[in-house]
Amino acid sequence: MARFDVAVIGGGVAGLWTANALKAKGFSVVLLSKTALGDGQTLAAQGVIHGGSKYALAGKLTDSSEQLAAMPGRWKDALEGKGDVTLQGVTVLSPHQYLWSLPGVTSQVVSFFGSKLMRGRAGSIPREDWPEALQSPHYKGRVFRIDEPVLDPVSVVQRLSAPLKDDCYLGDCSLTGCDGKIDKLTIDGIEIFADKYVFAAGAGNGVLMKQLGITDFQMQLRPLHQLIIRGDLPDFYSVCIGNGPKPPIVTTTHTDSKGRTIWWIGGDIAEAEGVQRSEEEQIAYGRATMKRLMPWINWNSYEFFTARANRAEPFTESGDRPPGAFCRAVGNVLVTWPTKLALAPDLSDQVVAHISGTPDRADAEQLPLKRPETGNPPWNLGD
Ligand SMILES: Cc1cc2nc3c(=O)[nH]c(=O)nc-3n(C[C@H](O)[C@H](O)[C@H](O)COP(=O)(O)OP(=O)(O)OC[C@H]3O[C@@H](n4cnc5c(N)ncnc54)[C@H](O)[C@@H]3O)c2cc1C
(Lines give C-alpha, C1' and ligand atoms only; values in the text may rest on other atoms or scores of the structure.)
Protein backbone atom coordinates (compact mmCIF):
# COMPACT_ATOMS: atom_id res chain seq x y z
CA MET A 1 0.00 0.00 0.00
CA ALA A 2 1.23 3.53 -0.77
CA ARG A 3 -0.15 7.04 -0.20
CA PHE A 4 0.44 10.18 -2.26
CA ASP A 5 -1.01 13.67 -2.44
CA VAL A 6 -1.82 13.20 -6.12
CA ALA A 7 -1.93 10.20 -8.46
CA VAL A 8 -1.67 11.21 -12.13
CA ILE A 9 -2.93 8.57 -14.55
CA GLY A 10 -1.42 8.91 -18.02
CA GLY A 11 2.11 9.50 -19.30
CA GLY A 12 1.55 11.85 -22.22
CA VAL A 13 2.28 15.57 -22.23
CA ALA A 14 -0.76 16.29 -20.02
CA GLY A 15 0.27 13.91 -17.22
CA LEU A 16 3.97 14.71 -17.46
CA TRP A 17 3.59 18.51 -17.45
CA THR A 18 1.02 18.42 -14.63
CA ALA A 19 3.07 16.02 -12.49
CA ASN A 20 6.11 18.29 -12.84
CA ALA A 21 4.08 21.36 -11.84
CA LEU A 22 2.58 19.60 -8.79
CA LYS A 23 5.97 18.26 -7.72
CA ALA A 24 7.44 21.76 -7.97
CA LYS A 25 4.72 22.92 -5.55
CA GLY A 26 5.86 20.29 -3.03
CA PHE A 27 3.12 17.70 -3.52
CA SER A 28 4.03 14.01 -3.52
CA VAL A 29 3.06 12.70 -6.93
CA VAL A 30 2.90 9.30 -8.56
CA LEU A 31 2.46 9.02 -12.35
CA LEU A 32 1.04 5.78 -13.72
CA SER A 33 1.16 4.98 -17.43
CA LYS A 34 -0.31 1.98 -19.18
CA THR A 35 2.16 2.14 -22.06
CA ALA A 36 5.48 3.81 -22.86
CA LEU A 37 5.58 7.55 -22.14
CA GLY A 38 4.19 9.68 -24.94
CA ASP A 39 2.45 6.76 -26.68
CA GLY A 40 -0.91 7.70 -28.08
CA GLN A 41 -1.05 11.31 -29.17
CA THR A 42 1.99 13.09 -27.74
CA LEU A 43 4.67 11.35 -29.82
CA ALA A 44 2.39 11.54 -32.88
CA ALA A 45 2.12 15.32 -32.54
CA GLN A 46 3.69 17.54 -35.16
CA GLY A 47 5.22 19.47 -32.28
CA VAL A 48 3.78 22.83 -33.32
CA ILE A 49 3.29 25.20 -30.39
CA HIS A 50 0.29 26.91 -31.90
CA GLY A 51 -0.44 30.53 -31.18
CA GLY A 52 -3.74 30.24 -33.02
CA SER A 53 -2.83 31.31 -36.57
CA LYS A 54 -3.87 27.94 -38.04
CA TYR A 55 -7.33 28.46 -36.56
CA ALA A 56 -7.63 31.90 -38.16
CA LEU A 57 -7.45 30.54 -41.70
CA ALA A 58 -11.07 31.48 -42.37
CA GLY A 59 -9.78 35.07 -42.30
CA LYS A 60 -10.83 36.00 -38.75
CA LEU A 61 -9.76 35.25 -35.18
CA THR A 62 -11.72 32.46 -33.46
CA ASP A 63 -12.07 31.24 -29.85
CA SER A 64 -9.42 28.64 -30.65
CA SER A 65 -6.94 31.18 -31.95
CA GLU A 66 -7.47 33.47 -28.92
CA GLN A 67 -7.08 30.66 -26.33
CA LEU A 68 -3.84 29.57 -27.94
CA ALA A 69 -2.36 33.06 -28.28
CA ALA A 70 -0.38 32.93 -25.02
CA MET A 71 1.01 29.42 -25.52
CA PRO A 72 4.15 30.08 -27.60
CA GLY A 73 5.23 32.56 -24.85
CA ARG A 74 4.61 29.98 -22.10
CA TRP A 75 6.67 27.35 -23.92
CA LYS A 76 9.44 29.84 -24.74
CA ASP A 77 9.68 30.67 -21.01
CA ALA A 78 9.89 26.96 -20.17
CA LEU A 79 12.58 26.49 -22.83
CA GLU A 80 14.56 29.28 -21.16
CA GLY A 81 14.19 27.62 -17.75
CA LYS A 82 11.63 30.08 -16.40
CA GLY A 83 8.67 28.86 -14.32
CA ASP A 84 7.83 25.67 -12.43
CA VAL A 85 8.21 23.39 -15.44
CA THR A 86 11.39 23.78 -17.44
CA LEU A 87 12.23 22.48 -20.89
CA GLN A 88 15.88 23.46 -21.20
CA GLY A 89 17.61 21.14 -23.65
CA VAL A 90 14.47 20.29 -25.65
CA THR A 91 15.16 20.21 -29.39
CA VAL A 92 13.59 23.18 -31.15
CA LEU A 93 13.14 21.89 -34.69
CA SER A 94 12.27 25.36 -35.91
CA PRO A 95 11.72 28.69 -34.13
CA HIS A 96 8.84 29.48 -36.50
CA GLN A 97 6.46 28.09 -39.09
CA TYR A 98 5.76 29.31 -42.62
CA LEU A 99 2.29 30.01 -43.94
CA TRP A 100 2.29 29.66 -47.70
CA SER A 101 -0.69 30.46 -49.90
CA LEU A 102 -1.70 28.54 -52.97
CA PRO A 103 -2.00 30.59 -56.14
CA GLY A 104 -5.63 31.65 -56.58
CA VAL A 105 -6.38 31.76 -52.84
CA THR A 106 -8.81 34.59 -52.11
CA SER A 107 -6.96 37.77 -51.32
CA GLN A 108 -9.16 38.24 -48.19
CA VAL A 109 -7.38 35.44 -46.33
CA VAL A 110 -3.96 36.45 -47.52
CA SER A 111 -4.49 40.11 -46.62
CA PHE A 112 -5.80 39.02 -43.18
CA PHE A 113 -2.44 37.46 -42.40
CA GLY A 114 -0.74 40.69 -43.40
CA SER A 115 -3.23 42.79 -41.41
CA LYS A 116 -2.84 44.81 -38.20
CA LEU A 117 -4.83 42.16 -36.29
CA MET A 118 -2.16 39.59 -36.97
CA ARG A 119 0.79 41.92 -36.44
CA GLY A 120 3.25 40.25 -34.09
CA ARG A 121 1.83 36.83 -35.01
CA ALA A 122 2.50 36.67 -38.74
CA GLY A 123 4.58 38.74 -41.12
CA SER A 124 4.99 38.56 -44.91
CA ILE A 125 8.56 37.73 -45.95
CA PRO A 126 10.54 38.43 -49.12
CA ARG A 127 11.32 35.66 -51.61
CA GLU A 128 14.98 35.37 -50.63
CA ASP A 129 13.90 34.36 -47.10
CA TRP A 130 11.45 31.68 -48.24
CA PRO A 131 12.15 28.11 -47.12
CA GLU A 132 14.09 25.93 -49.56
CA ALA A 133 11.02 23.80 -50.35
CA LEU A 134 9.28 26.84 -51.91
CA GLN A 135 12.33 28.21 -53.75
CA SER A 136 11.05 27.56 -57.25
CA PRO A 137 10.15 30.00 -60.04
CA HIS A 138 7.00 27.89 -60.46
CA TYR A 139 5.67 28.85 -57.02
CA LYS A 140 3.59 32.03 -57.29
CA GLY A 141 1.98 32.41 -53.83
CA ARG A 142 2.79 34.51 -50.77
CA VAL A 143 4.73 33.39 -47.73
CA PHE A 144 4.36 34.55 -44.11
CA ARG A 145 6.45 33.63 -41.11
CA ILE A 146 4.58 32.94 -37.86
CA ASP A 147 6.20 32.96 -34.47
CA GLU A 148 5.06 29.48 -33.49
CA PRO A 149 7.97 27.19 -32.63
CA VAL A 150 8.07 23.52 -33.60
CA LEU A 151 9.53 21.20 -30.96
CA ASP A 152 10.70 17.61 -31.21
CA PRO A 153 7.97 15.69 -29.33
CA VAL A 154 10.43 12.93 -28.35
CA SER A 155 12.72 15.38 -26.60
CA VAL A 156 9.71 17.05 -24.92
CA VAL A 157 8.70 13.69 -23.42
CA GLN A 158 12.28 12.87 -22.41
CA ARG A 159 12.79 16.29 -20.81
CA LEU A 160 9.48 16.27 -18.92
CA SER A 161 10.01 12.73 -17.65
CA ALA A 162 13.59 13.27 -16.41
CA PRO A 163 12.64 15.01 -13.13
CA LEU A 164 9.97 12.33 -12.59
CA LYS A 165 12.20 9.29 -13.04
CA ASP A 166 11.50 8.11 -9.46
CA ASP A 167 7.78 8.93 -9.69
CA CYS A 168 6.65 7.15 -12.89
CA TYR A 169 5.44 3.54 -13.07
CA LEU A 170 4.23 1.34 -15.89
CA GLY A 171 0.99 -0.60 -15.59
CA ASP A 172 -2.73 -0.80 -16.12
CA CYS A 173 -4.63 0.45 -13.12
CA SER A 174 -8.02 -0.68 -11.95
CA LEU A 175 -10.21 1.62 -9.93
CA THR A 176 -12.69 0.94 -7.14
CA GLY A 177 -15.26 3.58 -6.28
CA CYS A 178 -18.32 5.21 -7.80
CA ASP A 179 -19.79 8.58 -8.85
CA GLY A 180 -16.35 9.97 -9.52
CA LYS A 181 -14.99 9.07 -6.07
CA ILE A 182 -12.07 6.67 -6.13
CA ASP A 183 -11.75 4.55 -2.97
CA LYS A 184 -8.75 2.60 -4.18
CA LEU A 185 -6.49 2.28 -7.19
CA THR A 186 -4.71 -1.02 -7.79
CA ILE A 187 -1.82 -1.56 -10.16
CA ASP A 188 -0.07 -4.95 -10.44
CA GLY A 189 -1.43 -5.93 -7.03
CA ILE A 190 -0.19 -2.74 -5.30
CA GLU A 191 -2.83 -0.53 -3.71
CA ILE A 192 -2.39 3.20 -4.16
CA PHE A 193 -4.33 5.88 -2.30
CA ALA A 194 -4.23 9.59 -3.10
CA ASP A 195 -6.08 12.73 -2.02
CA LYS A 196 -6.68 13.58 -5.68
CA TYR A 197 -6.53 11.54 -8.85
CA VAL A 198 -5.89 13.21 -12.21
CA PHE A 199 -7.13 11.40 -15.30
CA ALA A 200 -4.67 12.42 -18.02
CA ALA A 201 -4.90 9.24 -20.06
CA GLY A 202 -5.95 10.75 -23.41
CA ALA A 203 -8.15 8.18 -25.18
CA GLY A 204 -7.82 5.99 -22.05
CA ASN A 205 -9.91 8.50 -20.04
CA GLY A 206 -13.06 6.99 -21.58
CA VAL A 207 -12.40 3.61 -19.93
CA LEU A 208 -11.40 5.18 -16.61
CA MET A 209 -14.59 7.30 -16.56
CA LYS A 210 -16.64 4.20 -17.27
CA GLN A 211 -14.98 2.30 -14.40
CA LEU A 212 -16.02 5.09 -12.04
CA GLY A 213 -19.46 5.72 -13.50
CA ILE A 214 -18.71 9.30 -14.58
CA THR A 215 -21.47 10.27 -17.00
CA ASP A 216 -21.68 14.09 -16.61
CA PHE A 217 -19.73 14.47 -19.84
CA GLN A 218 -18.38 12.18 -22.53
CA MET A 219 -15.22 11.75 -24.56
CA GLN A 220 -14.95 12.08 -28.32
CA LEU A 221 -12.27 10.67 -30.58
CA ARG A 222 -11.33 12.47 -33.80
CA PRO A 223 -9.23 10.17 -35.97
CA LEU A 224 -6.48 11.24 -38.33
CA HIS A 225 -4.78 9.43 -41.22
CA GLN A 226 -1.42 11.19 -41.52
CA LEU A 227 1.03 10.97 -44.42
CA ILE A 228 4.75 10.22 -44.08
CA ILE A 229 7.09 11.13 -46.96
CA ARG A 230 10.62 9.80 -46.61
CA GLY A 231 13.68 10.82 -48.57
CA ASP A 232 16.19 13.58 -49.05
CA LEU A 233 13.86 16.51 -48.29
CA PRO A 234 14.68 20.00 -46.98
CA ASP A 235 13.29 21.12 -43.60
CA PHE A 236 9.76 22.40 -44.07
CA TYR A 237 7.65 23.54 -41.10
CA SER A 238 4.62 24.93 -42.80
CA VAL A 239 0.89 25.50 -43.02
CA CYS A 240 -0.55 25.69 -46.52
CA ILE A 241 -3.31 28.29 -47.02
CA GLY A 242 -5.95 27.03 -49.41
CA ASN A 243 -9.45 28.33 -50.02
CA GLY A 244 -11.12 26.44 -47.14
CA PRO A 245 -11.06 27.06 -43.39
CA LYS A 246 -8.63 24.14 -42.91
CA PRO A 247 -5.13 23.99 -44.36
CA PRO A 248 -4.84 21.36 -47.13
CA ILE A 249 -1.53 20.21 -45.62
CA VAL A 250 0.57 20.97 -42.55
CA THR A 251 4.17 19.75 -42.77
CA THR A 252 6.82 19.18 -40.15
CA THR A 253 10.23 17.57 -40.66
CA HIS A 254 11.66 14.88 -38.41
CA THR A 255 14.50 12.39 -38.36
CA ASP A 256 13.64 8.72 -37.91
CA SER A 257 15.53 6.22 -35.74
CA LYS A 258 17.83 5.40 -38.70
CA GLY A 259 18.69 9.05 -39.35
CA ARG A 260 16.42 9.40 -42.40
CA THR A 261 14.48 12.59 -43.06
CA ILE A 262 10.69 12.43 -43.13
CA TRP A 263 7.91 14.91 -43.65
CA TRP A 264 5.02 14.23 -41.23
CA ILE A 265 1.93 15.60 -42.91
CA GLY A 266 -1.42 16.47 -41.38
CA GLY A 267 -4.05 19.08 -42.15
CA ASP A 268 -7.20 18.52 -44.17
CA ILE A 269 -5.63 15.59 -46.06
CA ALA A 270 -5.52 13.57 -42.81
CA GLU A 271 -9.05 14.42 -41.66
CA ALA A 272 -12.56 13.17 -42.53
CA GLU A 273 -12.13 11.79 -46.07
CA GLY A 274 -8.52 10.88 -45.40
CA VAL A 275 -9.65 8.72 -42.48
CA GLN A 276 -12.10 6.85 -44.75
CA ARG A 277 -9.34 6.03 -47.25
CA SER A 278 -7.40 2.77 -47.01
CA GLU A 279 -3.63 3.02 -46.66
CA GLU A 280 -3.15 2.45 -50.42
CA GLU A 281 -5.82 5.05 -51.28
CA GLN A 282 -4.31 7.60 -48.90
CA ILE A 283 -0.85 7.10 -50.42
CA ALA A 284 -2.22 7.52 -53.96
CA TYR A 285 -4.20 10.60 -52.87
CA GLY A 286 -1.15 11.93 -51.02
CA ARG A 287 1.09 11.59 -54.08
CA ALA A 288 -1.50 13.35 -56.27
CA THR A 289 -1.96 16.13 -53.70
CA MET A 290 1.77 16.78 -53.32
CA LYS A 291 2.13 16.88 -57.10
CA ARG A 292 -0.71 19.41 -57.32
CA LEU A 293 0.47 21.63 -54.45
CA MET A 294 4.24 21.44 -55.07
CA PRO A 295 4.64 20.38 -58.73
CA TRP A 296 8.28 21.55 -58.84
CA ILE A 297 9.36 18.55 -56.70
CA ASN A 298 9.69 15.10 -58.33
CA TRP A 299 7.59 13.10 -55.86
CA ASN A 300 8.37 9.80 -57.66
CA SER A 301 11.74 9.72 -55.95
CA TYR A 302 10.23 9.66 -52.42
CA GLU A 303 8.69 6.87 -50.35
CA PHE A 304 5.16 7.44 -49.05
CA PHE A 305 3.62 5.81 -45.95
CA THR A 306 0.66 6.56 -43.71
CA ALA A 307 -0.07 6.31 -40.00
CA ARG A 308 -3.33 6.59 -38.09
CA ALA A 309 -3.83 8.39 -34.77
CA ASN A 310 -6.76 9.45 -32.61
CA ARG A 311 -7.25 12.82 -30.98
CA ALA A 312 -9.07 12.41 -27.65
CA GLU A 313 -11.12 15.29 -26.27
CA PRO A 314 -14.33 16.07 -24.36
CA PHE A 315 -17.44 15.56 -26.46
CA THR A 316 -18.82 18.61 -28.29
CA GLU A 317 -22.19 18.77 -30.09
CA SER A 318 -20.50 20.01 -33.26
CA GLY A 319 -17.87 17.28 -33.13
CA ASP A 320 -15.17 19.98 -33.33
CA ARG A 321 -12.29 20.41 -30.92
CA PRO A 322 -13.36 22.51 -27.91
CA PRO A 323 -11.49 25.84 -27.90
CA GLY A 324 -9.41 25.33 -24.73
CA ALA A 325 -7.89 22.76 -22.38
CA PHE A 326 -10.47 20.80 -20.37
CA CYS A 327 -10.27 20.09 -16.61
CA ARG A 328 -13.39 19.03 -14.71
CA ALA A 329 -13.64 17.96 -11.03
CA VAL A 330 -15.88 15.01 -10.16
CA GLY A 331 -15.57 13.59 -6.61
CA ASN A 332 -11.85 13.24 -5.86
CA VAL A 333 -11.01 13.03 -9.58
CA LEU A 334 -9.99 15.66 -12.13
CA VAL A 335 -10.71 14.55 -15.68
CA THR A 336 -8.44 16.34 -18.14
CA TRP A 337 -7.73 16.65 -21.84
CA PRO A 338 -5.30 19.34 -23.08
CA THR A 339 -6.90 19.07 -26.57
CA LYS A 340 -3.55 20.34 -27.96
CA LEU A 341 0.06 19.69 -26.98
CA ALA A 342 0.45 23.47 -26.97
CA LEU A 343 -2.23 23.80 -24.27
CA ALA A 344 -0.49 21.51 -21.73
CA PRO A 345 0.70 24.49 -19.60
CA ASP A 346 -2.83 25.90 -19.52
CA LEU A 347 -4.22 22.51 -18.49
CA SER A 348 -1.58 22.13 -15.79
CA ASP A 349 -2.48 25.60 -14.37
CA GLN A 350 -6.12 24.48 -14.13
CA VAL A 351 -5.18 21.25 -12.33
CA VAL A 352 -2.87 23.03 -9.87
CA ALA A 353 -5.64 25.56 -9.09
CA HIS A 354 -7.93 22.65 -8.11
CA ILE A 355 -5.28 21.04 -5.92
CA SER A 356 -3.98 24.11 -4.12
CA GLY A 357 -3.56 23.49 -0.39
CA THR A 358 -0.71 22.41 1.81
CA PRO A 359 1.20 19.41 0.55
CA ASP A 360 1.00 16.57 3.09
CA ARG A 361 3.68 14.17 2.03
CA ALA A 362 6.75 15.70 0.45
CA ASP A 363 8.68 12.41 0.12
CA ALA A 364 7.24 10.08 -2.50
CA GLU A 365 7.33 6.38 -1.71
CA GLN A 366 9.11 3.97 -4.04
CA LEU A 367 6.99 1.09 -5.35
CA PRO A 368 8.08 -2.36 -6.62
CA LEU A 369 6.72 -1.68 -10.12
CA LYS A 370 8.27 -1.40 -13.60
CA ARG A 371 9.32 1.98 -14.98
CA PRO A 372 7.98 3.16 -18.35
CA GLU A 373 10.36 3.99 -21.18
CA THR A 374 9.86 6.70 -23.80
CA GLY A 375 7.68 5.48 -26.69
CA ASN A 376 8.29 5.66 -30.43
CA PRO A 377 6.96 8.30 -32.82
CA PRO A 378 4.91 6.92 -35.74
CA TRP A 379 7.58 7.81 -38.31
CA ASN A 380 9.92 5.17 -36.80
CA LEU A 381 8.50 2.56 -39.13
CA GLY A 382 10.76 -0.29 -38.07
CA ASP A 383 12.10 -1.03 -41.58
C1 LIG B 1 -1.30 13.27 -35.51
C2 LIG B 1 -1.43 14.31 -34.44
C3 LIG B 1 -0.74 15.50 -34.57
C4 LIG B 1 -0.84 16.48 -33.57
N5 LIG B 1 -0.11 17.63 -33.69
C6 LIG B 1 -0.18 18.57 -32.74
C7 LIG B 1 0.63 19.75 -32.83
O8 LIG B 1 1.44 19.92 -33.74
N9 LIG B 1 0.48 20.69 -31.85
C10 LIG B 1 -0.38 20.54 -30.81
O11 LIG B 1 -0.47 21.44 -30.00
N12 LIG B 1 -1.14 19.41 -30.68
C13 LIG B 1 -1.04 18.43 -31.60
N14 LIG B 1 -1.77 17.28 -31.48
C15 LIG B 1 -2.60 17.09 -30.28
C16 LIG B 1 -1.72 16.61 -29.11
O17 LIG B 1 -0.85 15.60 -29.54
C18 LIG B 1 -2.59 16.10 -27.97
O19 LIG B 1 -3.55 17.06 -27.62
C20 LIG B 1 -1.76 15.78 -26.72
O21 LIG B 1 -0.58 15.09 -27.03
C22 LIG B 1 -2.61 14.94 -25.78
O23 LIG B 1 -1.78 14.55 -24.70
P24 LIG B 1 -2.32 13.62 -23.55
O25 LIG B 1 -1.23 13.54 -22.55
O26 LIG B 1 -3.67 14.08 -23.10
O27 LIG B 1 -2.61 12.19 -24.23
P28 LIG B 1 -1.65 11.08 -24.86
O29 LIG B 1 -0.44 11.65 -25.45
O30 LIG B 1 -2.52 10.27 -25.75
O31 LIG B 1 -1.19 10.22 -23.60
C32 LIG B 1 -2.06 9.35 -22.93
C33 LIG B 1 -1.26 8.54 -21.96
O34 LIG B 1 -2.15 7.86 -21.09
C35 LIG B 1 -1.75 6.51 -20.94
N36 LIG B 1 -2.93 5.70 -20.62
C37 LIG B 1 -3.99 5.40 -21.40
N38 LIG B 1 -4.86 4.65 -20.71
C39 LIG B 1 -4.35 4.49 -19.47
C40 LIG B 1 -4.78 3.82 -18.30
N41 LIG B 1 -5.93 3.15 -18.22
N42 LIG B 1 -3.97 3.85 -17.20
C43 LIG B 1 -2.79 4.51 -17.23
N44 LIG B 1 -2.35 5.16 -18.31
C45 LIG B 1 -3.13 5.17 -19.41
C46 LIG B 1 -1.09 6.17 -22.27
O47 LIG B 1 -0.24 5.07 -22.06
C48 LIG B 1 -0.35 7.47 -22.57
O49 LIG B 1 0.88 7.50 -21.87
C50 LIG B 1 -1.67 16.27 -32.45
C51 LIG B 1 -2.37 15.06 -32.32
C52 LIG B 1 -2.24 14.09 -33.29
C53 LIG B 1 -2.98 12.79 -33.10
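Okay, a quick word on terms before the tour: when I say helix or strand, I mean a DSSP run, at least four residues for a helix and at least two for a strand, numbered from the N terminus. Counted that way, the protein chain has nine helices and 18 strands. And please keep in mind that what you're looking at is a predicted model.

Let's start with the overall build. The protein chain has 383 residues, and for that number a compact globule would have a radius of gyration near 21 Å; the chain comes out at 21 Å, so the two agree. If you line the chain up along its principal axes, the C-alpha atoms fill a box of roughly 70 × 45 × 40 Å. Of the 383 residues, 45% count as buried. Now take the contacts with a separation of 6 or more: 74% of them are between residues 24 or more positions apart.

So what sits in the middle? The largest nonpolar core has 95 residues, and the ones touching the most other members are Val-6, Ala-7, Ile-9 and Phe-199. Helix α1, residues 13-24, gives the most to this core, with seven residues. If you click on Val-6 and ignore its neighbours within four places in sequence, you'll find contacts with, among them, Leu-22, Phe-27, Val-29, Val-198 and Ile-355.

Let's stay at that end of the chain and look at strand β1, residues 2-9. Six of its eight residues are buried, so β1 is largely enclosed by the rest of the structure. It has parallel pairings with two strands I'd like to show you. One is with β11, residues 190-199, over seven bridges, and there Ala-7 has Tyr-197 as its bridge partner. The other is with β2, over four bridges, where Ala-7 stands opposite Val-30.

Next, β13, residues 238-241. Generally, in a regular strand the side chains alternate between the two faces of the sheet. In β13 both faces are covered: Ser-238 and Cys-240 are buried on one side, and Val-239 and Ile-241 are buried on the other. As for its partners, β13 pairs with β4, residues 97-101, in the parallel sense over four bridges, with Tyr-98 matched to Ser-238. It also pairs with β14, residues 250-255, this time antiparallel and over two bridges; Val-239 has Val-250 as its bridge partner there.

One helix deserves a stop too: α5, residues 153-161. Why do I call it largely enclosed? Seven of its nine residues are buried. Those are Pro-153, Val-154, Val-156, Val-157, Arg-159, Leu-160 and Ser-161, so yes, you'll spot an arginine in that list. The cover over these buried residues includes α1, β7 (150-151) and β8 (168-170).

Now the ligand, which I suspect is what you'd like to see. Which residues come nearest to it? There are 41 residues around the ligand, and the nearest are Gly-10, Gly-12, Gly-40, Gly-202 and Gly-204. By type, the shell splits into 19 nonpolar, 17 polar and five charged residues. The elements that each supply at least two residues are α1, β2 (29-33), α6 (205-212), β12 (219-230) and β16 (303-314). The largest share comes from α1, with three residues. Recall that α1 is also the helix that gives the most to the core.

Last stop, a few loop residues. As a rule, most residues other than glycine have a negative phi. Asp-179 goes the other way, with a positive phi of about 50°. It sits in the loop between β9 (173-178) and β10 (181-187), and with 12 C-beta neighbours inside 10 Å it counts as exposed. Asp-188 has a positive phi as well, near 45°, and lies in the loop between β10 and β11. Asp-188 has 13 other C-beta atoms within 10 Å, so it is partly exposed.

And then Ala-69, in the loop between α2 (63-68) and α3 (71-79). Buried or exposed, or something in between? It has 16 C-beta neighbours inside 10 Å, so Ala-69 is partly exposed. Beyond its neighbours within four places in sequence, Ala-69 is in contact with Gly-51 and Gly-52. If you want a feel for distance across the model, the C-alpha atoms of Ala-69 and Glu-281 are separated by 36 Å, and the two residues are 212 apart along the chain.

How values were computed:
Residues are numbered from 1 along each chain as its sequence is written. This is a predicted model: local features need pLDDT of at least 70, side-chain atom pairs count only at pLDDT 80 or more; totals for chains, interfaces and linings use all residues. A residue is buried if 20 or more other C-beta atoms lie within 10 Å of its own, exposed if 12 or fewer, and partly exposed in between; C-beta atoms are placed from the backbone. Two residues are in contact if their C-beta atoms, placed from the backbone, lie within 7 Å. A nonpolar core is a set of buried Ala, Val, Leu, Ile, Met, Phe, Trp, Tyr and Cys residues joined through C-beta atoms within 7 Å. A residue is near a molecule or strand if its C-beta atom, placed from the backbone, lies within 6 Å of it. Ala, Val, Leu, Ile, Met, Phe, Trp, Tyr, Cys and Pro count as nonpolar, Asp, Glu, Lys and Arg as charged, and the others, Gly among them, as polar. Two strands pair if DSSP finds at least two bridges between them. The radius of gyration is taken over C-alpha atoms; the globule rule is 2.2 Å times the number of residues to the power 0.38.
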